[in-house]
Amino acid sequence: MTHRLTAFFFVLAVVSLSACSHRADDQASSPPFVEDHGVLRVPDGSPLRKALIMAPVEMRSAPHALVFPATVESDPARTANVVVPLTGRITELKVGLGDHVVRNQLLAVIESGDMAQAYADVAKAADALALAKKGLERARGVQQAGGNAVKDLEGAQSNYNQALAESDRAQTRLQSINAGGQTGPARSIRITAPVSGYVTVLSAAPGTYANDTTTPLMIIADLDSVWITANVPESDVGGIAKGQAVDATLSAYPDQVFRGQVAFVSQVLQSDTRRDMVRAVFANTDGRLKPNMFAKASIAVPQPAQVFVPESALLMNNDNTTVFVEVAPWVFERRTVILSYDESAGARVVKGLKAGDRVVVKGGVLLND
């Protein structure tokens, strides 16, 4: 009886081991997915069904930020060239390069013979006007008494009118030279600041002569607001317009982003570089943006609605970028895609996908073997 029980248990153990071996062989022979002419099918019971996550692609009209080399410039509307109205010798210079000045502040004093002549012209014109006025009054009195012809009165009136016009001309010229109305020696011209700002260029020194009334003695720039001018290639200028936002970064402040707005897009390209000048206005009340600093200007250019996919959906296959598209439930097709600009949120696809496609966004590397 004992021998029979031992034989029974031995046979049962052999059968059990055989069954376990068959189940292991079945599991080992069942692949996670089946490839059929480029189409991948994930069968029921495959562990990939828990590892793969699919999602539909997104259609977005997201702008793209283009970055261009740029330079900080002073705003021409806030920049004044200080010139002398008459030639002469600079006797006093009240400011230095880099100084901050306010409107109507005295900048320099120039001794000029032409200024003395302007004062003399005013004096002569005033004297001639007074004489002509007396002549006119005398002619009127004689004419009323019946002792003067009408033509004599008309001649006196003409002389008075000419003297009055000459007096006005001399006074106007003197006022244009001495715009601030300062008092001083007849030979002195007091040069004052036309605007508030910083002296950015200085080409004068005490004792030297100012012989050219078209060459600035100095340049004053109000830097509370500056321009950052970007050099935009001809191929990109079509997407930029007045009013677009601009973000600028500078080497001097690598951790800070300055924000401005496009104020001007040049209508003429530079002939040597084939680039357009795009100027954006930036507030600069703290004076950190200095003219001639180099910058990088980032401009958000509008783009048409395009397909976006997560970066996790992209897989490299040889030299191509691909994604797995679900063409039927748990049936996938590898598809090559062409990407546009690099984006911070997802990849912009210009060819290979369309609205409504579902792609593998997680676990696709398991199908990529």
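Leaving aside neighbours within four places in sequence, D75 is in contact with S225 and W227, where contact means heavy atoms within 4.5 Å. D75 is found in the loop between β5 (64–74) and β6 (79–82). Strands (E, at least two residues) and helices (H or I, at least four residues) are DSSP runs, numbered from the N terminus. The model is predicted: local features need pLDDT of at least 70, side-chain atom pairs count only at pLDDT 80 or more, and totals for chains, interfaces and linings use all residues. Residues are numbered from 1 along each chain as its sequence is written, and side-chain values use heavy atoms, with hydrogens and water left out.

D75 is buried. Buried means under 20% relative accessible area, exposed over 50%, and partly exposed in between (1.4 Å probe, protein chains only). D75 nevertheless has no salt bridge, defined as a side-chain nitrogen of Lys or Arg within 4 Å of a carboxyl oxygen of Asp or Glu. The nearest side chain of opposite charge is R78, 4.2 Å away. For charge, Lys and Arg count as positive and Asp and Glu as negative; His and the chain ends are not counted.

S74 lies in strand β5. S74 is partly exposed, with a relative accessible area of 23%. Outside its neighbours within four places in sequence, S74 is in contact with T79, A221, L223 and P291. S74 and T229 are 155 residues apart along the chain, yet their C-alpha atoms are separated by 10.0 Å.

The protein as a whole contains four helices and 25 strands. Of its 369 residues, 34% count as buried. Among contacts with a separation of 6 or more, 71% involve residues 24 or more positions apart. The accessible surface comes to about 21,700 Å², and carbon and sulfur atoms account for 54% of that surface. Accessible areas come from the Shrake-Rupley method with a 1.4 Å probe; for residues, only the protein chains shown count as cover.

Two helices were examined for span and packing. Helix α3 (residues 113–144) has 32 residues and should span 46 Å at 1.5 Å a residue; its end C-alpha atoms are 47 Å apart, which agrees. The expected span is 1.5 Å times one less than the number of residues. The buried residues of α3 include M115, D121, V122, L129 and L136. They pack against α4 (150–177) and β10. Helix α4 has 28 residues, for an expected span of 40 Å; its end C-alpha atoms are 41 Å apart, again in agreement. Buried positions in α4 are A156, Y160, A163, S167, A170, L174 and I177. Their cover includes α3 and β10.

β10 also belongs to an open sheet of four strands, in the order β10-β9-β7-β12, with antiparallel pairing. β10 (188–192) and β12 (209–210) stand at the edges with a single partner strand each, so one side of each is left without a neighbour in the sheet. Two strands pair if DSSP finds at least two bridges between them. Within this sheet, four bridges join β7 (residues 88–93) to β9 (residues 106–111). L93 stands opposite A108 in β9.

Further antiparallel pairing involves β19. Three bridges join β4 (residues 58–60) to β19 (residues 306–309), with M59 opposite V307. β19 also pairs with β24 (residues 347–351) in the antiparallel sense, over three bridges. Here the bridge partner of F308 is R348 in β24.
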